[in-house]
Amino acid sequence: DGTVLGSNTSSFRITDLGAATRRPGRVCGIHWVAPPYIVPVVEIIAGAETSDGTTALAKGFVRRLGKIPVEAKDVPGFIIVRLINALYNEAMALVAEGVASPQDVDNAYRLGSGMLAALLGPLRQADLALNKNTTANVLTYLYEKTGETKFKPLSILGEQIAAGRLGLAWGKGWYDYDGLDPEVIRRWRDEKALALLDLVKREGLLVEDPSAAAGRGGKR
């Protein structure tokens, strides 16, 4: 009766899995990311009937294993699959449209915004780098020029702008920065980014084709 059933599914609804049991309150998602022995994050998903106690137990379990839990609603794809596949789909579109080669698309991301995304995440990265008015203008331009609804600015962005949550320089964005010195935070970001870049260089990854370097017994 006290056992928790934790599914590693990356997309099946936890509510549906729980409905096939006699104790849906003890069913949750515990989604590991491959390779799970390296990736530090684990997704915790609560179905419609999952109890708060089950969710808390799952989060405590992965923390005891030295992992970082992230909690998601029971929607198709949760957090990780939706983020990954949105990025992957756009990367494929750039190749399909002849905008760039697969290698140039990968390098543009992994040695560009992807490095800071690894350090900060996309929302905090935007807080530290951009005014949300700029973000809205860029999205509007892309939407008007491409006609693709994926670029249409979301209402939540307009709500953030209306509330004055424009980013770090305004003391609030997706996160609150009240009482924090923006310059100190920016220096922290730059120091960590330079440390990350130094690691990339030391590991021989500041090259056009890292997999080819690895295949030749590249520096580790």
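**Note on the predicted structure**

1. Leu57, Phe61 and Leu65 form a nonpolar patch of about 270 Å² on the surface. The model discussed here is a predicted one. Leu57 has its place in helix 2, and its relative accessible area of 43% makes it partly exposed. Ala56 also has its place in helix 2; this residue counts as partly exposed, at 49% relative accessibility. From Ala56 to Gly29 the separation is 27 residues in sequence and 12 Å in space, C-alpha to C-alpha.

2. The overall make-up of the chain may be set out next. The chain contains 9 helices and 4 strands. Read from the N terminus, the order of these elements is β-α-β-β-α-β-α-α-α-α-α-α-α. The C-alpha trace spans about 55 × 55 × 40 Å along its principal axes. Of the 220 residues in the chain, 26% are buried. The accessible surface comes to about 14,100 Å², and carbon and sulfur atoms account for 58% of that surface.

3. The contacts can also be described by separation along the sequence. When contacts between residues at least 6 apart in sequence are considered, 54% of them join residues at least 24 apart.

4. Which residues make up the largest nonpolar core? This core has 6 residues in all: Cys28, Ile30, Val42, Ile44, Ala58 and Val62. At least two of the core residues come from each of three elements, namely strand 2 (27-32), strand 3 (41-46) and helix 2 (52-64). Helix 2 thus appears twice in this note, since it supplies residues of the core and is also the place of Leu57, a member of the surface patch.

5. Val42, one of the core residues, deserves a separate comment. Leaving aside residues up to four places away in sequence, Val42 touches Ile30, His31, Trp32, Val62, Lys67, Ile68, Pro69 and Val70. Among these partners, Ile30 and Val62 are themselves listed in the core.

6. Helix 5 comprises residues 122-129, and within it Gln125, Asp127 and Leu128 are buried. Viewed down the axis of helix 5, the buried residues lie within an arc of 160°, and therefore they line one face of the helix. A general point about helices is useful to the student here. An α-helix has 3.6 residues a turn, so residues three or four places apart point the same way. Pro122 and Ala129, on the other side of helix 5, are exposed. Which helices are included in the cover over the buried residues of helix 5? The cover includes helix 4 (102-120), helix 6 (132-146) and helix 8 (182-202).

7. A search of the whole structure gives 10 salt bridges. In one of them, the side chains of Asp1 and Arg23 meet at 3.2 Å, N to O. Asp1 belongs to the segment before strand 1 (5-7), while Arg23 belongs to the loop between helix 1 (14-19) and strand 2; the pair therefore ties together parts that are 22 residues apart in sequence. Asp1 is exposed, with a relative accessible area of 72%, whereas Arg23 is partly exposed at 37%.

8. Are Lys132 and Asp127 buried or exposed? Both residues are buried, and their side chains meet in a salt bridge of 3.0 Å, N to O. Asp127 has already been named as a buried residue of helix 5.

9. A further salt bridge joins the side chains of Arg189 and Asp190, at 3.0 Å, N to O. Arg189 counts as buried because its relative accessibility is 15%, and the limit for a buried residue is under 20%. Asp190, at 37% relative accessibility, counts as partly exposed. Elsewhere, Glu90, Glu148 and Lys150 are joined into one network by salt bridges that share partners.

10. The last point concerns a loop residue. Ala34 is found in the loop between strand 2 and strand 3. With a relative accessible area of 66%, Ala34 is exposed. Between Ala34 and Lys192 there are 25 Å in space, C-alpha to C-alpha, and the two residues are 158 residues apart in sequence.

Technical notes
Residues numbered from 1 in each chain as written. Predicted model: local features only at pLDDT ≥ 70, side-chain atom pairs only at ≥ 80, totals over all residues. Heavy atoms only, no water. Core = buried A, V, L, I, M, F, W, Y, C linked by side-chain atoms within 4.5 Å. Buried < 20%, exposed > 50% of the residue type's maximum accessible area, 1.4 Å probe, protein only. Contact = heavy atoms within 4.5 Å. Patch = residues over 30% accessible without salt bridge, like charges linked within 9 Å, V, L, I, M, F, W, Y side chains within 5 Å. Areas by Shrake-Rupley, 256 points an atom, 1.4 Å probe, with all protein chains shown as cover. Salt bridge = Lys/Arg side-chain N within 4 Å of Asp/Glu carboxyl O. Arc of directions from axis to C-beta.
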